[in-house]
Amino acid sequence: MSSEKTLRICKNGHRYYKSSDCPTCPICESDKKPKGGFLALLAAPARRALENNGIKTLKQLSQYSEKEILSLHGMGPSSIPKLRAVLKAEGLQFKK
Ligand SMILES: [Zn+2]
């Protein structure tokens with residue numbers, strides 16, 4: 001039976017079962033998502049506001065002031081503390 005699942009161990013030591021020849025480890029895959037994925041913390045309109053302005057990384061975000069970010073269409077005041085926190089976690093901050 002070619003559909004039988006076999007145990008694989010990826011290069012990071014994760015164990016997972018796959019029935020196909022696909023070498024992608026689902027644990028590594030899901031680990032990738034939160035990285036640089038600060039946009040996932042935001043409500044959809046706020047996320048679109050950043051994306052529409054080409055802001056996809058924290059580094060890009062840090063080139064704006066809080067006031068500029070707040071003025072983007074769709075961005076709510078509740079998003080600012082979240083953004084400030086993720087910036088801080090990366091050693092960054094909003095432009096003064
Ligand atoms: Zn893995």
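How many helices and strands does the protein chain have? Five helices and two strands. Bear in mind that this is a predicted model. Here are my notes, going from the overall layout to the two spots worth a look.

1. **Overall layout.** Starting at the N terminus, the elements come in the order β-β-α-α-α-α-α, so to speak a hairpin and then helices. The chain has 96 residues, and 11% of them count as buried. As for contacts between residues at least 6 apart in sequence, 46% join residues at least 24 apart.2. **The hairpin strands.** β1 covers residues 6-9 and β2 covers residues 15-18; the two run antiparallel and are joined by four bridges. If you want one pair to check by eye, take R8, whose bridge partner in β2 is Y16.

3. **The turn.** Five residues sit between the strands of this hairpin. Within the β1-β2 hairpin, G13 is the residue to click on, with a positive phi near 85°.

4. **Y17.** Next to Y16 in the numbering, and also part of strand β2, is Y17. Is Y17 buried or exposed? Y17 has 10 other C-beta atoms within 10 Å, and the cut-off for exposed is 12 or fewer, so Y17 counts as exposed. Leaving aside residues up to four places away in sequence, Y17 still touches K5, T6 and L7. Take K5: 12 residues separate K5 from Y17 along the chain, yet their C-alpha atoms are 5.7 Å apart. As a reminder for reading this part of the model, side chains in a regular strand alternate between the two faces of the sheet.

5. **Helix α2, the buried side.** Moving on to the helices, α2 spans residues 44-52, and its buried residues are A46, A49 and L50. Why do they line one face of the helix? Looking down the axis of α2, the buried residues fall within an arc of 90°, which is why they share a face. The background is familiar: an α-helix has 3.6 residues a turn, so residues three or four places apart point the same way.

6. **What α2 packs against.** Which helix do the buried residues of α2 meet? They pack against α5, residues 79-89.

7. **Helix α2, the other side.** Turn α2 around and you find A44 and N52, both exposed. Just past the end of α2 comes G54, another glycine to click on, with a positive phi of about 75°.

How values were computed: Residues numbered from 1 in each chain as written. Predicted model: local features only at pLDDT ≥ 70, side-chain atom pairs only at ≥ 80, totals over all residues. Pairing = 2+ DSSP bridges. Buried ≥ 20, exposed ≤ 12 C-beta atoms within 10 Å, placed from the backbone. Contact = placed C-beta atoms within 7 Å. Arc of directions from axis to C-beta.
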